[in-house]
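Subject: Handover of a protein structure

Dear colleague,

Please find below the structure that I am handing over to you. I should be grateful if you would look through it before reading the notes beneath.

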Amino acid sequence: MGKGQLQACRRAHSESFVRESSVAGRASGEHHPNPEGATKVRILVVEDEAKVAKALREGLEAEHYEVRVARTGEEGFYLLNAETFDLVVLDLMLPGHDGLEILRTVRKRGLSTLVLILTAKDAVEDRVLGLDSGADDYLVKPFAFPELLARIRVLLRGGRSDQVLRFKLADLEMDLVTRKVERGGQLLQLTPREFDLLEYLLRHEGHIVSREMLARDVWKEAERATPLDNVIDVHIARLRRKLDGPFETKLLKTVRGVGFVLREEKP
Ligand code: CA
């Protein structure tokens with residue numbers, strides 16, 4: 001359907017539940033921030049209507065956004081907790097837990113992801129409630145797709161860049177804008193170096209980071225890789241004490257002879 005009019009028709013009954021098993025080659029969207037830092041803007045679309053969801057996905061992907069689609073409120077809520085998104089297009093008219101419920105819960109938990117809600121034409125009250133509940137903008141169905149794109153661009157421009165600005169791993173959260181790091185809701189006091197170190201490890205979540213990489217990318221002293229090893233180890237030890245010390249689940253692991261990896265070990 002491309003960039004034409006997106007006729008977000010009223011909710012059709014008994015729409016076949018065609019789950020788009022995300023396009024091949026993109027299926028491994030779990031480790032969103034790729035090591036090169038060339039991160040795409042990630043958008044979560046929460047929409048139960050198959051046609052609308054599909055059109056949104058295709059249209060947004062054509063604009064080079066990385067798109068995940070949730071077809072129920074529960075799934076949307078789950079994805080929001082499990083992954084990092086820059087923006088959510090949230091339909092308010094969902095079966096089960098509706099969009100407003102999700103929005104409120106998300107905000108209550110302190111997630112500051114941008115949210116654009118989709119409301120029905122005559123549901124003025126929904127719009128007001130939505131904005132009161134923490135939505136950043138709204139669009140009335142049916143809407144023109146270019147209008148949606150324009151709104152998204154404006155929202156993303158407002159203080160956000162096209163990079164991931166928040167990381168989440170288990171109960172660890174890092175906000176690159178406020179430079180706050182929390183674990184289990186507790187604020188971690190990190191030095192600037194420890195912060196950079198943790199950010200780097202989070203960008204490589206699940207992948208081994210060598211001392212050479214840290215010397216080159218965090219300390220920016222590639223030539224001195226070997227003499228830096230002790231310095232790096234000291235900082236890692238300090239970071240580990242703050243990050244993992246008081247917590248049962250350890251996230252930062254040493255891979256003997258190779259380097260370090262930040263990972264949530266599933267039991
Ligand atoms: Ca809907």
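The notes that follow describe confidence, the overall make-up, the two sheets and the cores.

Please bear in mind that this is a predicted model. The average pLDDT of the protein chain is 80, and 79% of the residues reach at least 70. Confidence peaks in strand β2 (residues 42–46), with a mean of 97, and is lowest in strand β1 (residues 5–6), where the mean is 36. Over residues 1–37 the pLDDT stays under 50, although the model has 53 contacts beyond four places in sequence for this stretch. Residues 159–163 also have a pLDDT below 50, and the model gives this stretch six contacts beyond near neighbours in sequence. Where pLDDT is low, the predicted coordinates should not be read in detail.

As to the overall make-up, the protein chain contains eight helices and 14 strands. Of its 267 residues, 33% count as buried. When contacts between residues at least 6 apart in sequence are considered, 59% of them join residues at least 24 apart.

I turn next to the parallel sheet. This open sheet consists of five strands in the order β3-β2-β4-β5-β6, paired in parallel. Strands β3 and β6 are at its edges; each has a single partner strand, so one side of each is left without a neighbour in the sheet. From one strand to the next, the twist averages 20°. Four bridges join β2 and β4 in the parallel sense, and V45 has V89 in β4 as its bridge partner. Two helices should be noted here. Helix α1 lies across β2, β3 and β4 and runs at about 170° to β3. Helix α3 packs on the sheet as well, where it touches β2, β4 and β5, and its direction makes about 145° with that of β4.

Helix α3 is also the place of K108. Is this residue buried or exposed? K108 counts as exposed, because it has 10 C-beta neighbours inside 10 Å, and a residue with 12 or fewer is classed in this way. The C-alpha atom of K108 is separated by 9.4 Å from that of S133, which is 25 residues apart from it along the chain.

The second sheet to describe is antiparallel. It is open, with four strands in the order β8-β9-β10-β11. Its edges are formed by β8 (166–169) and β11 (186–188), each with a single partner strand, so one side of each has no neighbour in the sheet. Strand β10 (residues 180–183) pairs with β11 over three bridges in the antiparallel sense, and L188 in β11 is the bridge partner of V181. Helix α6 (residues 192–203) packs on this sheet, touching β8, β9 (172–175) and β10, and its direction makes about 110° with that of β9.

Finally, there are the nonpolar cores. The largest has 36 residues, of which I43, V45, V88, L90 and L116 touch the most other members. Elements that give two or more residues to this core include α1 (50–62), β4 (87–91) and α5 (145–157). The largest share, five residues, is that of α1. Beyond its neighbours within four places in sequence, V88 is in contact with L44, V46, L80, T113, L114 and V115. Apart from this core lies another of 21 residues, among them M174, L197, I232 and L262.

Yours sincerely

Key: Residues numbered from 1 in each chain as written. Predicted model: local features only at pLDDT ≥ 70, side-chain atom pairs only at ≥ 80, totals over all residues. pLDDT = per-residue confidence, 0-100. Contact = placed C-beta atoms within 7 Å. Buried ≥ 20, exposed ≤ 12 C-beta atoms within 10 Å, placed from the backbone. Core = buried A, V, L, I, M, F, W, Y, C linked by C-beta atoms within 7 Å. Pairing = 2+ DSSP bridges. Axes fitted to C-alpha atoms, helices over the stretch in contact; angles between N-to-C directions.
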